[in-house]
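User: I am in my first year and would like a close look at a single part of this structure, the surroundings of the ligand. Could you take me through them slowly, and then follow the chain outwards from there?

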Amino acid sequence: MQEPQPASTSRRLLGRLRDVMAGSGTAEERLNKIVALIADGLAAQVCSCYVMRAGEVLELFATEGLKQSAVHRTRLRVGEGLVGLIAAQARPIALADAWSHAAFVYRPETGEELYHSFMGVPIIRGGRVIGVLVVQDREHRHYVDEDVETLETVAMVLAGLLVAHELIRREELLPTEGNALLPLRLEGVRLSPGVGIGTAVLHSPRIIVPKIINEDPQAELLRLESAIAALHDDLDVMLASPESVGEEYRDVLETYRMFAQDHGWKNRIHEAIRSGLTAEAAVQKVQDDTRLRMNQVTDSYIRERLYDLQDLANRILQHLTGARATAARGDLPEDTIVVARSMGPAELLDYDRRKLRGLVMEEGSANMHVAIIARALDIPVLARVKEAVAKIEPYDPIIVDGEYGQVFIRPGEDIQQAFHASLEARRARAAHHDALRDLPAETLDGVRITMLLNAGLLLDMQNLQRVNADGVGLYRTEVPFMARPALPDVEAQTILYGKILALAEGRPVAFRTLDVGGDKLLPYWNPVEEPNPAMGWRSIRVTLDRPLIMRHQLRALIRAAAGQDLDVMFPMVTAVAEFDAARALLDREIAREHSRGGVVPRRIRVGAMLEVPALMWQLRPLLQRVDFVSIGSNDLAQFLFANDRTNTQVADRYDVLSPPFLYVLHSILKQCEAAGVPCSVCGEMVRNPLEAMALIGLGFRRISMAAPSFGAVKGMVRSMSVVPVQHYLETLLHLPHQSVRERLRMFALDHNIAL
Ligand code: PEP
Ligand code: MG
């Protein structure tokens, strides 16, 4: 009789498995039928399924051929015997004579003394071994690669059954990476402080494949081809984009080439389809294989490339399944910790913030807008956590320690307890800060500091009362724009700004006009591709070029503040002429409101944000025109140091607590004071007590920060005296050092200033 072709063996087997899966019976009954089918389909005397239990033990769950009394009795540790070895290495083993293998252990209760040849494959789910599938024969049978392939394909179907019927529980899953058998600790850079305890959610979710067994391999091959074609289109677009110039470009190009040339990879997917899997199940199978290979590769270059292959496979899967690009709109655990390569602010806002407990990213730097939003939401953020996406599984228990820049994955009981205790301590500290709420923000030598809030969400406005701020020093109006599905019209904006003013209960709110572009993209607004977006078409440049957007926003602000005070400021003003042009639009809208008989605000104060160095040399004419100045230290530092605020590579290179930056701030303040124009700082530096101390020492009396920092900064204010800090700072301004942070910190310690 002619040997059947492996692909058709596997296809036939899968067809019969499908019937069992679709039929009735408990999971264990089906499992019993399945092992019998596999033994029959592969013409083997034995087929056994071992399932991973708690404590890294593999338990015999079902068998055809071994003694039934061994089921649930025979247990092997990971690494013990051939079955344990397969699990430990996450690799198949095929032997004509199992007994002669050094790792073989004989378990008499199974009656396996009758069998010689042995073939076993890991049952893998989401890159982890959840069981082992074995066939055994009396003969010294030499299994070939195709046999192994067939068993692997069947194991994939079995993985689905085990997970779907909860024969395997999540906490019993085994990470396959060598030492990652233990809980994992990764390090990163803290972008937002705090501690988050929760459940991992992958921002770009691994895709669940609903249908594993195919009905028509030809149709599946065609589906695969068109998904690959769509992927090539994606890559073409990426390659054509001017943003990809440089390192990225080469990486993508290399991957592209490698992908196009990697026939092995493509052939493996084809083979899996021919053996009976759907196109998506085949891609996933090969992806799982790649992932396991990745864990065994130490060469970082090859790992990177394999990582890219994973990425490409994901894209193909998205094309095949039409899956969502991000997890934000899916079912989220109550305590979600999002794990992403990188993320924009709008993407974070897509998540239900009541459920967000933290964010872990592989990339990122402190002044990225996503970090600013995360701080406003008061969730800890860790960036530059290497390989977070590959190492963290969906639903892993996870702890983000935003204090010490570490993330614990699948932490043990002791670590969990320690962090619960630390959360308690933080709560106690927050309670201490809350107790300062009604005390004045006044230094020991009697200087009153105006403490303002940075806000962007309605949620933030509740903080105004909670922390008892003097007002809102920066209302980022683009945040509600980013959180919406479409550009809000005048009416929607009027309602929104009206609510903000109502929540402010008479405290001033400095509305900043739309500041989009750079890394702040609106989901409904196709970004213009720019080689250098931070210095490109963004902020006031956009709204001056699209005056209708600006006018609608100003109109809404005027209407919302009818009969009240209105403070408006324009971001990223680079030249006085830009301020004039924006101001003219405002005047035009006021006149318009007058002419239609509307009520205009009682008083309008107009300010400029100082974020671009050029404006410092036009301060004199500017100060004649503005009612206030607000220094955006994030952008000002970015442009002053020529240091991209979103670029991880250069994130820690320069320090705002350095002579040049402090000197610049000081000189702006002096000119504002001379002109009698109030000047505040509203960048992220204010949130750190040490930076706030330096600003007050320089002479600033108005500072604006995100709510979570309020208590700590107020505590610092109440523990400092201005005069000694001021004198000390004067000695630092002309030093040649790159940073004076350490000196300031020592000074604060010596003077009992609460940092
Ligand atoms: C700044 O640049 O400092 C600032 C406050 O504006 P944003 O961070 O929103 O760009
Ligand atoms: Mg800015």
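Analyst: Helix H21 gives the most to the shell around ligand 1, with three residues. Before going further, please keep in mind that this is a predicted model, and that the values below are computed from it. Helix H21 (633-640) is joined by helix H11 (369-376) and strand E17 (472-476), and each of these elements supplies at least two residues of the shell around ligand 1. There are 16 residues around the ligand, and those that come nearest are Arg 476, Arg 512, Glu 611, Asn 634 and Arg 645. Sorted by class, the shell holds seven charged, five polar and four nonpolar residues.

The backbone also takes part in these surroundings. A polar backbone atom of Gly 632 is 3.3 Å from an oxygen atom of ligand 1, a backbone N or O atom of Ser 633 lies 3.1 Å from an oxygen atom of the ligand, and for a polar backbone atom of Asn 634 the distance to a ligand oxygen is 2.7 Å. On its own, ligand 1 has 290 Å² of accessible area, and the protein covers 100% of it.

Strand E17 leads from the ligand to the aromatic rings. How many aromatic pairs does the count come to? The count comes to nine. One of them is formed by Tyr 475 and Phe 511, whose ring centres are 5.7 Å apart and whose planes make an angle of 55 degrees, a tilted arrangement. This pair links distant parts of the chain, since Tyr 475 belongs to strand E17 and Phe 511 to strand E18 (residues 509-512), 36 residues apart. Tyr 475 has a relative accessible area of 0% and therefore counts as buried; Phe 511, with a relative accessible area of 0%, is buried as well. In another pair, the rings of Phe 570 and Phe 579 have centres 5.9 Å apart and planes at 75 degrees, so this pair is edge-to-face; the cut-off behind that name is an angle over 60 degrees. Both Phe 570 and Phe 579 are buried. Elsewhere, Trp 99, Phe 104 and Tyr 106 form one aromatic cluster.

Asp 567 has its place in strand E19 (residues 565-570), and this aspartate is buried because its relative accessible area is 9%, where buried means under 20%. The C-alpha atom of Asp 567 is separated by 9.3 Å from that of Phe 628, although the two residues are 61 residues apart along the chain.

Helix H11, which also contributes to the shell, takes us to a point about backbone angles. Most residues other than glycine have a negative phi. Asp 378, which is not a glycine, nevertheless has a positive phi of about 60 degrees, and it is found in the loop between H11 and strand E13 (381-383). With a relative accessible area of 46%, Asp 378 is partly exposed. Tyr 395 is another residue other than glycine with a positive phi, here near 70 degrees, and its place is in the loop between helix H12 (388-391) and strand E14 (397-401). Tyr 395 also counts as partly exposed, at 46% relative accessibility.

A further loop, between strand E15 (406-409) and helix H13 (413-435), contains Arg 410. Is Arg 410 buried or exposed? Its relative accessible area is 14%, so Arg 410 is buried, and its side chain makes a polar contact of 2.7 Å with the side chain of Asp 396.

Two other helices can be checked by their span. Helix H22 (residues 659-675) has 17 residues and reaches 24 Å from its first C-alpha to its last, close to the 24 Å expected at 1.5 Å a residue. Its buried residues include Phe 661, Leu 662, Leu 665 and Ile 668, and just after H22 comes Gly 676, with a positive phi of about 70 degrees. Helix H2 (residues 27-41) has 15 residues and should span 21 Å at 1.5 Å a residue; its end C-alpha atoms are 20 Å apart, which agrees. Among the buried residues of H2 are Leu 31, Ile 34, Leu 37 and also Arg 30, and the helix is followed by Ala 43, whose phi is positive, near 55 degrees.

How values were computed: Residues numbered from 1 in each chain as written. Chains lettered and ligands numbered in written order. Predicted model: local features only at pLDDT ≥ 70, side-chain atom pairs only at ≥ 80, totals over all residues. Heavy atoms only, no water. Helix = DSSP H or I, 4+ residues; strand = E, 2+ residues; numbered from the N terminus. Expected span 1.5 Å × (residues − 1). Buried < 20%, exposed > 50% of the residue type's maximum accessible area, 1.4 Å probe, protein only. Near = heavy atom within 4 Å. Polar contact = N/O pair within 3.5 Å; in protein donor to acceptor, adjacent residues only side chain to side chain. Areas by Shrake-Rupley, 256 points an atom, 1.4 Å probe, with all protein chains shown as cover. Nonpolar A, V, L, I, M, F, W, Y, C, P; charged D, E, K, R; others polar. Phe/Tyr/Trp six-rings, centres within 6.5 Å; stacked < 30°, edge-to-face > 60°.
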